[in-house]
Protein chains: 2
Amino acid sequence: MLDGLFRPRAVAVIGASANPLSIGHIVVRNLLDHEFKGPIFPINPKGGSICSIKAYRSISEVPDQVDLVNISIKAEYIPAIIDECGRHGVKFAIVHSAGFKEVGEEGVRREREMVEIAHRHGMRIYGPNSQGIQNSDPEVSVYANFTFVPMKPGNISIIAQGGGMGELLKLHLSKVGLGHRLYCSYGNECDLTMPEILEYYGQDEGTRVIMMQTESFKDPRAFLEVAARITPHKPILAIKAGRTPEGSVAVSSHTGSLVDQAAMAEALYRKAGVVQFTDSDEMIKAAIALACQNVPRGRRLGLITNTGGPGIQAVDEAVSRDLVLAEWSEAGRQRLEQSLYAEASCGNPVDVVATAGPEHYFAAVDTLLKERDTDMVMVFLVTAPFVDLDGIAERIAEATADAEKPVVVVVETTDRWARLIERLRGAGLPVYEFAEDGVRALADMVRYGELQRRPAAEPPALDVDRQAADAILEPWVGKDTFLPQTEAYRLLAAYGIPAPALAVVSGPDDLDEAVREVGFPCVLKVDSADVVHKSDEGGVVLGLETREQLEAALATMRDRFRSAGTRFVVQRQAPSGCELILGAKEAPGLGALVMFGLGGVMVEVLRDVSVAVAPLATPEADALMRAIAAFPVLTGVRGRPGVDLDALRDLLLRFSRLAADHPAIREMDLNPVLAYPRGEAPLAVDVRIRVR
Amino acid sequence: MLDGLFRPRAVAVIGASANPLSIGHIVVRNLLDHEFKGPIFPINPKGGSICSIKAYRSISEVPDQVDLVNISIKAEYIPAIIDECGRHGVKFAIVHSAGFKEVGEEGVRREREMVEIAHRHGMRIYGPNSQGIQNSDPEVSVYANFTFVPMKPGNISIIAQGGGMGELLKLHLSKVGLGHRLYCSYGNECDLTMPEILEYYGQDEGTRVIMMQTESFKDPRAFLEVAARITPHKPILAIKAGRTPEGSVAVSSHTGSLVDQAAMAEALYRKAGVVQFTDSDEMIKAAIALACQNVPRGRRLGLITNTGGPGIQAVDEAVSRDLVLAEWSEAGRQRLEQSLYAEASCGNPVDVVATAGPEHYFAAVDTLLKERDTDMVMVFLVTAPFVDLDGIAERIAEATADAEKPVVVVVETTDRWARLIERLRGAGLPVYEFAEDGVRALADMVRYGELQRRPAAEPPALDVDRQAADAILEPWVGKDTFLPQTEAYRLLAAYGIPAPALAVVSGPDDLDEAVREVGFPCVLKVDSADVVHKSDEGGVVLGLETREQLEAALATMRDRFRSAGTRFVVQRQAPSGCELILGAKEAPGLGALVMFGLGGVMVEVLRDVSVAVAPLATPEADALMRAIAAFPVLTGVRGRPGVDLDALRDLLLRFSRLAADHPAIREMDLNPVLAYPRGEAPLAVDVRIRVR
């Protein structure tokens, strides 16, 4: 339990000083200004007082039990101080100071020493190189943090790796008059981990929405397990810093992590039901909506506006975010027509016109909320000088008071009518500045709803022969090499992954049997760990139709690849089909990721791929397929048949299980897989498997 | 000249009343409150005074020359009033009232009558169903408009079809403390047109940036010509309402226009050098940057931050918008290392760290601005409580004072340090709230720069036989039909568009000659205006290798298409190549649009197409090809050869010229065109041409 951190009964500040620009001073000031509900103990070797509070020379002199200390002294002195804190019964230390892992070898050693000492006392270290925490719960009101955004109670909690991003997230909440609940920016994560804190947020009853920013995952498996437990009852909105290769380099130089974790983050978020964002502003605005409105049950949006242009902006944004414009029932349309001005437009958007008053807004909102086929409502309102704005706010608030469906409002006005916005916010309605903002917030709520409602499932039982696969892999493990084609195909066969018929030949004497087994047309391929890019090196001949062609091709190829013992495979040529690519890659700390995409342009130029954590459950395999932009190709477009999705799903399940069962596999590509119309199994036409 | 509208010497307000909620009253109040530099003449049949200004019973009684009248009386009375205004020498009438075109037949008649009367007096009508205009030039200060956003001088001018969008654009400028220059929301456009107003904006010396919103183009050709004259010296930023099919329906119901103009808008904007936006917030923020900063000469961005996370957000956003992270010279890097704290990071982003002071910022900004390979700079700054913020603002302002390169600043702070933002804005720097905002503004400036610098060119001279084409089309014009294949290919040939060899056959007797002309392998197709979807109806047989196969195919097909006189074509089968689609479509009021895309999935599923106005100039043909996401396929990916881009460009030029030269062509598709590696001309394998 992290109550000692987030609900401390007393806080000591080690490094508190009279210098108002020092971190220690600012922490004392922040605790004091936000009326921390326990005693604050500034610690300073010189004693005296800081912000009118008696300062103690050391933690040992503090007369009370202290749950939490904030430390901002030089890194080299910290291990000894931790020991003293431990002896005094301190439970948590927030280390603001830098000078640890991020400065190299010596820092790493110091960090390790500090943690060992802490653990000896049953104490935990938060940070180092961190901002600290906040809890706005009025019973605690702890601002153990040196930053500057004023804290006020709210129900959105923030957990950020980087202090700058954490600060930015709460800053915008503060700017629109909202507070936050828990806050932490956790820095180096040397001891207390992000998943532990996230779990605490999940259990905190005052937290309705969690916003997080992550630069790199120290323990992705733990994050996955914690997040998956939270998202069914509480949304987690997340930004992964470094989604582009260049951004990823920037992350590395900022945190010292070595691998690009963007694909892993996408897979983790999808599996855990976390809503991913790339834009911080959009994430904050979605959090605001989720903090005060219910999650929509579907994608059908009802729009109300009092002016045309922004209504069209809303429609364009909604459609491009895959929302659907709701249609009204006959009764609903009649009520709109009877309740609104004659010049109003009763389609979707409902244009109540600029002169609409309180009753018109009430009728429009109330009608749409009661429409069975409407899942959510957005109201756009430009303040006209000739209408009763207070009345409009009042009646919108009344119409939405008991609504189970979410409502967001966009108000276009000046400071002169700011009270309209205050009144609407006071009624628990999110209010935005641009029509696009409101639509995006709703679309993001829809994304959460769909993740929340997605079927939970375990990877299914499959008739795979794990032992046979172990036996195939065993001789190669530890060699850091590519499996020969024959072994690779045997491995696929052990997991029931279909491939064209295959035979191995060393020379012309083997051809008779190969032809019997494989037939024509066939393909001849060199099979050597030294030849990785077979096609580029002339190691593949396609479309062999006769025994003579095959023999000639073999002769040429033996000439080209002369090394002793080189073998070749003869493989039945698969009929042309829909080209797909499946990939698997080890993901340290998590297991393996699988990647899916359409072959050719879609993967190579447009990077239209989706990723997931192996092994896949059945709904996850479906989601993996649906996640690519080119998915309609698989279901069939413009009269062309689609592919057998059941068979493809089965292949994905088996492939992902193979990757997950055998950590010896570092990388595995089926490129291409050819998929066929219903009734025909897809075929893994080429395979490349690298073992560690 | 529209000086009478935007720089009136006197304004009369017809329909001015004592009721403070009436439009007439609000217009008088707005003119008065904003200190209009000429006299205001309220007109009210009852006389008296309005807002302490003497009201006249009619315009005829006004003692002065009046340039502009605002009219908000009932529509039915307006034509007579216009006549009276005309006789009194009024030059422009802003008609606020609704009740014209948008209400049907009677309104259309009234609108026509009103315009006819006005023209008799040499007077022009603005609107109807419109908000009005503003000009913040202190010499004029005219707020002839009934809306509520306070006006203050600025250098961004706004022209919006919809009042709600226009208001929203100036509202945000006002919220961030900026003003605007000219403003108009032009409504029904019954007489005075958007291009006329736009031209005036282009010539207005106080206007540095133009923002516009359009719902439908009444005269696209005029817009194109005017906008193309403005964009070389002044950016036009534009939103086209209704970019999605649903949004387009919303536009229709709002404005009464009938066709989806989204594709046309895209083509117009590209040709005219207008920067297109979909998000209103983003457009406004780009306008703010362009209003005070120079246009970047390239895509190379230098980032400065004092905290990691938002720096990474900036990098991710920059890369996803095709900006490039600049690299520093050795000298630049050394200066950074010498000037900044030891723990600063001197890559890109430069992380000056949270404790950086004025001199660090000055050194970082000054260094980056002087780097030869840096085109623009963004500074992200979270206010740390322990640094000299005034000094930082001062030194950033100094470093950027004479910069030719654009600089934008993102400040993360509370109201407590709002003066920092004021100081930076005062120095002519745009300041944003989120890192992503700053990057997007720069990326949008880059888009403008690239449009501005794009080579100007006329469509080239081509060896086409226009007369021959006219002769081919002549017998079909007026029949609203598809051309027979033979005629369609003759038309392509007249414009030098390459296609496989072709022969026409009516029966088996023609086969000998056809085989001589075409050879094998060949394709047999039915050629009938009644059979539009030939493949679907069994009217195409591919891969005929011998005379026997051809004969058999012809017999079957004659059996299938029995109508007397049905002809067939034998066409050489083109070798497989890169499948492309070219389309042309008439665009009323503009001529023709051409469309380009990769065949198959890319067009059908991903809608990855680009459009342009016909005929194309050479750089436009290049831009059309580059505009599709799959463009790298054409240059070659992963060792696969690209296509002959010169030959493809030539084909695009000819195809677009054919569409432009012959308005009788309503639609024309080459689907597919097969393109080949360098040295081989692309072939139009199938063609469909519809004439009016």
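**Reading a two-chain predicted model**

Modeller: Start with the symmetry: turn chain A by 180°, shift by 0.0 Å along the axis, and it lands on chain B with an RMSD of 0.1 Å (least-squares superposition on C-alpha atoms of residues with pLDDT of at least 70 in both copies). That is the relation of a two-fold axis. This is a predicted model, where local features need pLDDT of at least 70, side-chain atom pairs count only at pLDDT 80 or more, and totals for chains, interfaces and linings use all residues. Residues are numbered from 1 along each chain, chains are lettered from A in the order written, and side-chain values use heavy atoms without hydrogens or water.

Biologist: Which C-alpha of chain A is nearest the axis?

Modeller: That of A:M602, 4.2 Å from it.

Biologist: How do I read a helix pair across the chains, say α11(A) and α5(B)?

Modeller: Two packed helices are described by the angle and the distance between their axes. Here the axes of α11 (residues 308–320) of chain A and α5 (residues 163–175) of chain B come within 5 Å and cross at roughly 85°. So the two helices are roughly perpendicular (65 to 115 degrees). The axes are lines fitted to C-alpha atoms over the stretch in contact, and helices are DSSP runs of H or I, at least four residues.

Biologist: Which residues meet there?

Modeller: A:G309, A:P310 and A:Q313 meet B:G164, B:M165 and B:L168, with contact meaning heavy atoms within 4.5 Å.

Biologist: And how many disulfides are there?

Modeller: A disulfide is a covalent bond between the sulfur atoms of two cysteines. With sulfurs required within 2.5 Å, the count is zero over all chains. For B:C184, the nearest cysteine sulfur, in B:C190, is 14 Å away.

Key
Axes are lines fitted to C-alpha atoms, for helices over the stretch in contact, and angles run from 0 to 180 degrees between N-to-C directions. Angles under 35 degrees count as roughly parallel, over 145 as roughly antiparallel, 65 to 115 as roughly perpendicular and the rest as oblique.
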